[in-house]
Amino acid sequence: MPHDPEHPPAKKFKPGSPFFRFDKKPGMLLPRKGNASVPIDVQRKNLPIYQAKSQLVYQLRQHHNAVLIGETGSGKTTQIPQYLYEAGIGRQGVVAVTQPRRVAAVSLATRVAEEKRTQLGKLVGYTVRFEDVTSSETKLKFMTDGMLLREAIGDPLLLRYTVVVLDEAHERTVHTDVLFGVVKAAQKKRKEQNKIPLKVIVMSATMDVDLFSQYFNKSPVLYLEGRQHPIQIYYTKTPQSDYLQAALVSVFQIHQEAPVSHDILVFMTGQEEIEALARTCRDIAKHLPDSCGLLTVIPLYASLPPAQQLRVFQPAAKGCRKVILSTNIAETSITISGIKYVIDTGMVKAKRFNPDSGLEVLAVQRISKAQAWQRAGRAGREDSGSVYRLYTEEEFDNLIPMTVPEIQRCNLASVMLQLLALGIPDVMNFDFMSKPSHEAMRTALEQLDLLGAVDRKDEKVVLTPLGKKMASFPLEPRYAKTILLSPDFQCSEEVLTVVSLLSVDTVLYNPPARREECLAARRKFTTSEGDHLTLLNIYRAFKKVNANKEWCRENFVNSRNMSMVGEVRSQLRDICLKLGVKLESCGPDTGKVRRCLAHGLFVNAAELQPDGSYTALDAHQPVSIHPSSVLFQAKPAYVVFNELLHTSKCYMRDLCLVDADWLVEAAPEYFRRKLRPNKS
Ligand code: CDP
Ligand code: MG
């Protein structure tokens, strides 16, 4: 089995071995007094925001727009909705609080319900993709920004809300950025139509809020005093070629030297990497001398099921140190107490986009300075702390100052589809806070045109009936299209399964230590038809044994993620039923599924070249098959793929074997231009 370039096997680590040295820098963030953990009402009053409560309530009552800045952990997200409610602001309707991530929406709603001493789903609730825990009583509603956008399609004036709190605005996710425009338009229209006014509160953990204030009619900016203790900053002496290894060594250096009650937070890039390092840490921890104290390793990433996420908030057992391995989710949207040490790999997995090609690539890349400071700040929440930057000071100096908003570096097909579904008259001139390039917007509209989602009418771009249906799914346009096409190939049940499998994180569990066993188990399901069909086989087998947990263990299947697939599937199926999509199964004739995938994903097609390499047809860009794919050795002539991942090379992930004829049949014009002349 070729070795996965993303996850090299961890090198042997000998406890106590000298590895690299850090340079010391004096603390740079302002100190402030700490708090003790006590009953929940007292905790609320101990938050920095409490000092400013009456001022804030006064200001928020006065203005329709406000920007609120406060350090992460100062109490913005949990307290502002309660302050509004208690002061009777916006009581005629619902207060919506948006979050870029579902994990945060769920955990915050849980916390606020607890503070309000009510059952979750009553006064306080949450709505995230594929899950709605609200009722007619719900007045404080935490939701992902994507969900509020979805609701805006049916209710462009957002009439059920009296206040929209756009939280974590500094993150500038695509959804938040689109929401800025949608909310601003709704606010304006409600005023014009003499409807109940809409109050918009933008909250940010970083100071660069001029843009927000400008955009929202020069709204007042309210500052909260932070609670930050001094932080020691360390850099590595030399650049690190392997940040995972560096992180591993740092964890154990700290573990052997620091008091066991001090917890560690490590910033990494993604689920697979985190799970792999978690296993290595646990293995090493087993073999440490007793003098070292125990270690609990807790992964944290967006797709973790809620019950698992809550583990990060629980204090470690006595005599045990907590090590949290997290994605950038712990940067701002989640606050964890007890953190004394932050290890910052300096890396993040983020989207990158080439507007000429229309190809979006997920790539592990360097963070911005703003992110580095944000990460550092996590160490000084309750007391003084330290941050170990796994890069040199020079490397830090060369980081870009601010993260480029996602909307300027992603494929905009989804955004454009949503704007059109929202009835925005002129999408190219939508009032974005940071406008994406004209090029990127045009490419997106071209892709939607290829998918049959849009049409031109008197110089205006409009949605086709198919496009309207596509917008009903909380999915990338190409997956929505694949589902909508599936009845033509008599395989809608299978396509629903495949799309659901792609919508959650991987259902495959790959413990590096049991590689051979794992491969042997997987072989039963592997098909030369590709990864989608291999996944389908696994799902079918899982259903056959009635989701048996033992079966999952034996077959290296992640039963949690698999159950999530079932939930996602039933929701997508409901949407199909509402839209009158015919549901049927192709049985053993899975060629139909591949043909349908070819029709839906043709923009992501690649062709084998005479020299054995691949070219992505859309951009004519060289790509390779990811070693984790079942097609890695097969090298078929044509494939469609789900996504591109850029590490050492540009890898296609999740591939499906297709016929060239199917591609041509899916988009004849397009492929006449794209295919090699002798093949088309
Ligand atoms: O939004 P901001 O970062 O300013 O703070 P917050 O999310 O309102 O959190 C304030 C405090 O509430 C945190 O420091 C935690 O002590 C507590 N909290 C919690 O215990 N559980 C959560 N899920 C969220 C917050
Ligand atoms: Mg917050």
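Reader: Leaving aside its neighbours within four places in sequence, which residues is Met 416 in contact with?

Author: Two residues are in contact if their C-beta atoms, placed from the backbone, lie within 7 Å. Outside that stretch of sequence, Met 416 is in contact with Val 427, Met 441, Ala 444, Leu 445 and Leu 448. This is a predicted model, where local features need pLDDT of at least 70 and side-chain atom pairs pLDDT 80 or more, while totals for chains, interfaces and linings use all residues. Residues are numbered from 1 along each chain as its sequence is written, and chains are lettered from A and ligands numbered from 1 in the order in which they are written.

Reader: How many residues are in the largest nonpolar core?

Author: In soluble globular proteins, nonpolar side chains tend to be buried together. The largest nonpolar core here (buried Ala, Val, Leu, Ile, Met, Phe, Trp, Tyr and Cys joined through C-beta atoms within 7 Å) has 195 residues. Ala 247, Val 266 and Met 416 have the most contacts inside this core.

Reader: How do helix 9 and helix 10 cross?

Author: Two packed helices are described by the angle between their axes and the distance between the axes. Helices (H or I, at least four residues) and strands (E, at least two) are DSSP runs numbered from the N terminus. The axes of helix 9 (residues 243–257) and helix 10 (residues 271–286) come within 11 Å and cross at roughly 40°. The two helices, 9 and 10, are therefore oblique to each other (neither under 35 degrees, nor over 145, nor 65 to 115). On the helix 9 side, Leu 244, Ala 247, Leu 248, Val 251 and Phe 252 make the contact; helix 10 supplies Glu 273, Leu 277, Thr 280, Cys 281 and Ile 284.

Reader: Where do helix 4 and helix 5 meet?

Author: Thr 77, Thr 78, Pro 81 and Gln 82 of helix 4 meet Leu 108, Arg 111, Val 112 and Glu 115 of helix 5. The axes of helix 4 (residues 76–86) and helix 5 (residues 102–115) come within 10 Å, crossing at roughly 50°. Helix 4 and helix 5 are therefore oblique as well. After helix 4 comes Gly 88, with a positive phi near 75°.

Reader: Is Ser 384 buried, partly exposed or exposed?

Author: The count is of other C-beta atoms within 10 Å: 20 or more is buried, 12 or fewer exposed, in between partly exposed, with C-beta atoms placed from the backbone. Ser 384 has 16 such neighbours and therefore counts as partly exposed. Ser 384 lies in the loop between helix 13 (369–377) and strand 17 (385–389). Not counting residues up to four places away in sequence, Ser 384 touches His 229, Pro 230 and Ile 231.

Methods. Axes fitted to C-alpha atoms, helices over the stretch in contact; angles between N-to-C directions.
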